[in-house]
Amino acid sequence: MATTDRQATTLALAHALSAAERGLAVIPLSRTKLPALRSPHRSSDHTPNQPSNRSSHHDAPEPAAPPCRGECGRPGHGVYDATADPARIRELFTAAPWATGYGIACGLPPHRLIGIDLDVKSGTDSTSALRELALRHLFTIPPTVVVLTPSGGRHIWLTGPPDAVIPNSASRLAPGIDIRGAGGYLVGPGSRTDHGVYATAPGTEHLVPAPCPPSLLRLLLPPPRAPHPATHPSVGNRGQGLVQFVLAAHEGQRNTRLFWAACRAYENGIGRALRAPLIDAAVHTGLTEHEARATIASAARMTGHRP
Ligand SMILES: [Zn+2]
């Protein structure tokens with residue numbers, strides 16, 4: 001209903017303004033959690049989702065036209081529209097009266113927000129996975145803002161140091177743990193989406209986002225590229241760690257863990273060397289050899305390797 005939508009927009013704007021008061025830069029979001037404002041550069045003859053336009057796809061960005069990140073002065077550049085200026089926020093919401101939520105840009109000063117997005121979809125136990133990481137790498141998540149998602153997930157808000165650029169990642173740390181960093185955004189508390197309302201976890205609404213613990217920060221930084229896998233000194237330990245990670249899988253997480261470990265192995269140039277130990281470990285947890293081989297093969301393809 002139109003009235004309800006208008007109320008949702010007013011409410012979202014109010015929440016967005018209060019986030020901005022805390023120094024957070026925001027953009028209006030639609031019910032689908034996507035930026036509410038369309039790109040002003042999208043012409044009607046370019047619809048990337050239509051298969052008929054496949055011939056116009058290029059592997060490399062067009063050299064002639066660097067992507068506009070708002071330099072044109074018009075709104076509609078996704079997270080690049082993000083602002084903490086109340087007047088500008090009102091303008092963005094006026095331009096997007098269908099907005100029912102707002103996104104908070106990560107990685108921007110002064111907070112340099114990092115979002116630890118704990119997913120509960122596809123049977124992954126991301127909360128245990130985070131606990132396990134914390135035990136292994138000796139960090140504790142400090143008291144900080146936590147936002148509950150309509151699907152039962154959680155966003156843990158942390159802040160980063162000025163000299164680090166934290167990339168976005170999906171399930172790189174562990175299955176079901178996504179990281180929102182530079183260029184990413186978090187759905188702000190008070191946002192309404194198709195799936196429900198995002199809300200601050202009770203007791204955390206008045207906290208300020210806490211600094212990310214250093215040993216967690218190290219895990220969030222981009223993985224160093226091993227120039228020559230065979231001479232990489234930590235391959236042995238790293239490989240052993242991945243095998244242990246698979247061995248410790250409970251039923252229900254065996255396949256996701258194996259997939260995750262195999263992806264990391266291929267990314268680090270030890271995919272081939274670790275294939276047999278990973279298969280052994282997976283069979284030990286109860287997967288069949290056939291299943292294990294198929295999962296590792298798909299991890300190889302996923303990371304651009306020959307299975
Ligand atoms: Zn532009």
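These are my notes on a zinc site, a strand and a helix in this structure.

**Entry 1: the model**

I am working from a predicted model.

**Entry 2: the zinc site**

I started with the donors of the zinc ion. Two are histidines, His41 and His77, each binding through NE2. Cys68 and Cys72 supply their SG atoms. The coordination distances run from 2.0 to 2.2 Å.

Next I looked up the geometry. The angles among the 4 donor atoms are 100 to 119 degrees, and the site is tetrahedral. For reference, the ideal angle for four tetrahedral donors is 109.5 degrees.

I then read the donor spacing along the sequence. The pattern is H-x26-C-x3-C-x4-H.

Are the two cysteines buried or exposed? Neither term fits: Cys68 counts as partly exposed because its relative accessibility is 27%, and buried would need under 20%. Cys72 is also partly exposed, with a relative accessible area of 34%.

**Entry 3: strand β5**

I moved to β5, residues 154–159. Of its 6 residues, 5 are buried, so the strand is largely enclosed by the rest of the structure.

Which strands pair with β5? I found β3, β4 and β12.

- β3 covers residues 113–118 and runs antiparallel to β5, with 6 bridges joining them. Leu118 has Arg154 of β5 as its bridge partner.
- β4 covers residues 146–148 and is also antiparallel to β5, through 3 bridges. Here Val147 stands opposite His155.
- β12 covers residues 210–211 and runs parallel to β5, with 2 bridges. Thr159 of β5 stands opposite Pro211 in this pairing.

I also checked the link from β4 to β5. The two strands form a hairpin, with 5 residues between them. Gly152 lies in the turn and has a positive phi of about 100 degrees.

A reminder for viewing the strands: side chains in a regular strand alternate between the two faces of the sheet.

**Entry 4: helix α6**

Last, I took α6, residues 254–267. I wanted to compare its length with the expected span. At 1.5 Å a residue, its 14 residues should span 20 Å. The end C-alpha atoms are 20 Å apart, so the two values agree.

Which residues of α6 are buried? I listed Arg257, Leu258, Trp260, Ala261, Ala262, Cys263, Arg264, Ala265 and Tyr266. Two arginines, Arg257 and Arg264, are in that list.

I looked past the end of the helix too. Gly269 follows α6, and its phi is positive, near 75 degrees.

Notes: Residues numbered from 1 in each chain as written. Predicted model: local features only at pLDDT ≥ 70, side-chain atom pairs only at ≥ 80, totals over all residues. Heavy atoms only, no water. Donors = N, O, S within 2.8 Å, 3.2 Å for Na, K, Ca; no water. Tetrahedral: all angles 85-135°; square planar, octahedral: opposite > 155°, others 65-115°. Buried < 20%, exposed > 50% of the residue type's maximum accessible area, 1.4 Å probe, protein only. Helix = DSSP H or I, 4+ residues; strand = E, 2+ residues; numbered from the N terminus. Pairing = 2+ DSSP bridges. Expected span 1.5 Å × (residues − 1).
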